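Reader: I'd like to go through the terms used for this model one by one. Could you set each value against its cut-off for me?

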Amino acid sequence: MCYVTATELKNNLSHYLELSKKEYVYVTKNGEVITVLTNPEKQRLLLIEELAGSLGKVDSNIDYDKVLKTALEEKYVHTR
């Protein structure tokens, strides 16, 4: 986990983009966190694990894509 000011991020963007592949990079402005840089795949796995837990299906052989599909079908389909 790394904290960086918006100015520092702007001045060294490539460095922090590379770092965000491995860990969260929290961007601050006026001492307040305004956003987080992270690896999309890492974030996707965390979301899937959270959804799997809410569905009560967490085990070592879990099919994450199936859980995500089920969660989207059962809980997150918006109808008009």
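Reader: Why is Glu-18 called partly exposed?

Author: Glu-18 has a relative accessible area of 41%. Buried means under 20%, exposed means over 50%, and partly exposed is what lies in between, with a 1.4 Å probe and protein chains only. The value of 41% falls in between, so Glu-18 is partly exposed. Before we go on, this is a predicted model, in which local features need pLDDT of at least 70, side-chain atom pairs count only at pLDDT 80 or more, and totals for chains, interfaces and linings use all residues. Residues are numbered from 1 along each chain as its sequence is written, and side-chain values use heavy atoms, with hydrogens and water left out.

Reader: What makes the pair of Lys-21 and Glu-18 a salt bridge?

Author: The term asks for a side-chain nitrogen of Lys or Arg within 4 Å of a carboxyl oxygen of Asp or Glu. In Lys-21 and Glu-18 the closest N and O atoms are 3.3 Å apart, so the pair meets the cut-off. Side chains of opposite charge can pair when their charged atoms come close. The structure holds 1 salt bridge.

Reader: How do you know that Ser-20 is buried or exposed?

Author: Ser-20 has a relative accessible area of 7%, under the 20% limit, and therefore counts as buried. Ser-20 sits in the loop between helix H2 (13–19) and strand E2 (25–29); helices (H or I, at least four residues) and strands (E, at least two) are DSSP runs, numbered from the N terminus. Leaving aside neighbours within four places in sequence, Ser-20 is in contact (heavy atoms within 4.5 Å) with Val-25, Leu-37, Thr-38 and Asn-39.

Reader: What makes E2 mostly covered?

Author: In E2, 4 of its 5 residues are buried. Thr-28, which is found in strand E2, has a relative accessible area of 13% and so is buried. Not counting residues up to four places away in sequence, Thr-28 touches Tyr-3, Val-4, Thr-5, Ala-6, Val-33 and Ile-34.

Reader: How do you know which strands pair with E2?

Author: Two strands pair if DSSP finds at least two bridges between them. Strand E1 (residues 2–5) and E2 have 4 bridges in the parallel sense, while E2 and E3 have 5 bridges in the antiparallel sense. Both pairings therefore satisfy the rule. With E1, Cys-2 stands opposite Val-25 in E2. On the E3 side, Tyr-26 has Val-36 as its bridge partner, and Val-27 stands opposite Thr-35.

Reader: What is unusual enough to mention about Asn-30 in the loop between E2 and E3?

Author: Asn-30 has a positive phi of about 55° although it is not a glycine. Asn-30 belongs to the hairpin of E2 and E3, which has 2 residues between the strands. Its relative accessible area is 79%, over the 50% limit, so Asn-30 is exposed.

Reader: Why does Val-33 count as partly exposed, and which surface patch does Val-33 help make?

Author: Val-33 has 37% relative accessibility, in between the two limits, so it is partly exposed. Val-33 is found in strand E3 (residues 32–37). Patches are made of residues with over 30% relative accessible area and no salt bridge, where like charges are joined within 9 Å and nonpolar side chains (Val, Leu, Ile, Met, Phe, Trp, Tyr) within 5 Å. At 37%, Val-33 is over the 30% limit. Met-1, Tyr-3, Val-33 and Val-36 make a nonpolar surface patch of about 410 Å², with areas from the Shrake-Rupley method, a 1.4 Å probe and, for residues, only the protein chains shown as cover.

Reader: How do you know which helix has the lowest confidence?

Author: pLDDT is the predictor's confidence in each residue, from 0 to 100. Helix H4 (residues 64–74) has the lowest mean pLDDT among the elements, 68, and helix H1 (residues 6–11) has the highest, 97. The protein chain averages 79, and 70% of the residues score at least 70.

Reader: And what makes Lys-66 exposed?

Author: Lys-66, which lies in helix H4, has a relative accessible area of 57%, over the 50% limit, so the word is exposed.
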